[in-house]
Amino acid sequence: QSRFGSLDGLRCASIVGVVLHHTWMNAPEWLTLAHRGFLGVDMFFAISGYLIVTLLLREERKNGQISLSRFYTRRMLRIFPIYYFILGALTLLMLIKPGANEAPKFWASLPYLVTYTSNWVADASILAIAWSLATEEQFYIFWPPVERFLRGWAVPVMLAFVVVNQAVNFGLTDKLVFEKWGWHDTPVWQITFTPICLGVLLAHLLNSPRGFGWAWQAVGHRAVAPVLLAALLAVCALPAGDISGVHRLGIHLLITGLLAACVVREDHLLAGMLQWRIVVRIGVVSYGMYLYHMFARHGAEVLLGRAGIESQLALFPVTLALTYLVSELSYRTLEAFFLNLKSRFSA
């Protein structure tokens, strides 16, 4: 089939978690899940790794090889337009208002933002969230050539990546990183790289009849998806100041298991919820929502302030609604044009 019916629903859950994380920062300490919304980015990574590599493997099976030029063209048409539109608008704003508080930090981080390397700096100013996009784009510069030219070595190479990432996750490289770069804490991109790797491995597993058979036996029952979702929420809710190590790895494995349960069959027991019309639509525009939500949060703060409402709890739904509206408008006006171009380079 050409698409997986539940992936937009999982994207919706991911972006809602991210927005919650950035709007309800004073949530009660006992409400742990409210402080773990950043894990929505990990889900985004897993979905991306699985879906993109699945499409590459299907292209190779159909055409005999992977077209790197078509892949990079599709990627640029999907990711670049809205990203550089926002970056250009911010640059223009900083030129108009050179005395803005964020201006010095913005100009210092601009070279990293332009080149998708902001995950290597501590704080990328207004677009600090761009670290995840930088991580993903760096991965996709490197990985498709591995799929094309190394083929049988792709899975061993990916397993090696997982081992390296887990060495970072468990703190085994902290001393080396500090001695070489002077970092006391390893960059977050190294820890959250694992979900992309697991998504890629899942794509390879499900690409063969034998691997799909194994996956079907493990997660093919309709009830597995809600069970794994409950387990994922429970593990995410475990109180801990630092979730690196076994905790983070367990979350990543459950995310991958949930993803697998949602793609090996379309009629799993979460399908009805994940395929609600509004849920699917939010998933479709989730990329724009990720880029716009911090600006929407500022707009929501202004609106609530004028209405005399100071509750941060109210900030979440208002920000979510504004983010969706702006992203829907952006999708229909700006992104749709480039997505139509992207379809011409379909594999």
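This section describes the pockets, aromatic pairs, cysteines and selected single residues of a predicted model.

The largest pocket of the predicted model holds about 1,400 Å³ of space. Its lining is made up of 38 residues, of which Arg11, Leu51, Leu55, Arg78 and Lys342 are the closest to the centre of the pocket. Two or more lining residues come from each of the helices α1 (7–23), α2 (39–63), α3 (68–96), α5 (130–150), α14 (277–284), α15 (286–306) and α16 (312–343). The largest share of this lining belongs to α2, which supplies 12 residues. Sorted by class, the lining of the largest pocket comprises 19 nonpolar, 8 polar and 11 charged residues.

The second largest pocket contains about 650 Å³ of space. Here 27 residues form the lining, and those closest to the centre are Ala13, Ser14, Gly17, Leu229 and Leu233. The elements that contribute two or more residues to the lining of the second largest pocket are α1, α2, α11 (224–236), α12 (246–263) and α13 (271–274). Among these elements, α1 gives the most, with 8 residues. The lining of the second largest pocket is composed of 21 nonpolar, 5 polar and 1 charged residues, whereas 11 charged residues are found in the lining of the largest pocket. Helices α1 and α2 appear in the list of contributors to the largest pocket, and both α1 and α2 are also listed for the second largest pocket.

Aromatic side chains were examined next. A pair of aromatic rings is described by the distance between the centres and the angle between the planes. The model contains 18 aromatic pairs. In one of these, the ring centres of phenylalanine 71 and tyrosine 72 lie 5.3 Å apart, with an angle of 70° between the planes; because angles over 60 degrees count as edge-to-face, the pair is assigned to that class. Phenylalanine 71 is buried, with a relative accessibility of 4%, whereas tyrosine 72 is partly exposed, with a relative accessible area of 25%. A further edge-to-face pair is formed by tyrosine 83 and tyrosine 84, whose rings are 5.2 Å apart from centre to centre and have planes at 80°. In this pair tyrosine 83 is buried at 1% relative accessibility, while tyrosine 84 is partly exposed, with a relative accessible area of 31%. Phenylalanine 71 and tyrosine 72 also belong to one aromatic cluster, which they form together with Phe139, Tyr140, Phe142, Trp143, Phe161 and Phe193.

The cysteines were then considered with regard to disulfides, of which the model has 0. For cysteine 197, the closest cysteine sulfur is that of cysteine 236, at a distance of 19 Å, and because a disulfide requires sulfur atoms within 2.5 Å, this separation is too far for a bond. Cysteine 197 is buried, with a relative accessible area of 0%. Cysteine 236 likewise takes part in no disulfide, the nearest cysteine sulfur being that of cysteine 262, 15 Å away. Cysteine 236 is also classed as buried, at 8% relative accessibility.

Two residues other than glycine are described here for their positive phi values. Tyrosine 116, which is not a glycine, has a positive phi of about 55°. Tyrosine 116 is located in the loop between α4 (103–114) and α5, and at 6% relative accessibility this tyrosine counts as buried. Arginine 151, also a residue other than glycine, has a positive phi near 45°. The position of arginine 151 is in the loop between α5 and α6 (154–169), where the residue is partly exposed, with a relative accessible area of 45%.

Finally, arginine 332 was examined within helix α16. The residue counts as exposed, at 59% relative accessibility. The side chain of arginine 332 is joined to that of glutamate 328 by a polar contact of 2.8 Å. Arginine 332 and valine 285 are separated by 47 residues in sequence, and their C-alpha atoms are 9.7 Å apart in space. Helix α16, in which arginine 332 is found, is also among the elements that give two or more residues to the lining of the largest pocket.

Technical notes. Residues numbered from 1 in each chain as written. Heavy atoms only, no water. Phe/Tyr/Trp six-rings, centres within 6.5 Å; stacked < 30°, edge-to-face > 60°. Buried < 20%, exposed > 50% of the residue type's maximum accessible area, 1.4 Å probe, protein only. 1 Å grid on protein atoms, 1.4 Å probe; cavity = no way out; pocket = protein on both sides within 12 Å on 5 of 7 lines; lining within 4 Å. Points joined across faces, edges and corners; volume = space filled by probe spheres on them. Helix = DSSP H or I, 4+ residues; strand = E, 2+ residues; numbered from the N terminus. Nonpolar A, V, L, I, M, F, W, Y, C, P; charged D, E, K, R; others polar. Polar contact = N/O pair within 3.5 Å; in protein donor to acceptor, adjacent residues only side chain to side chain.
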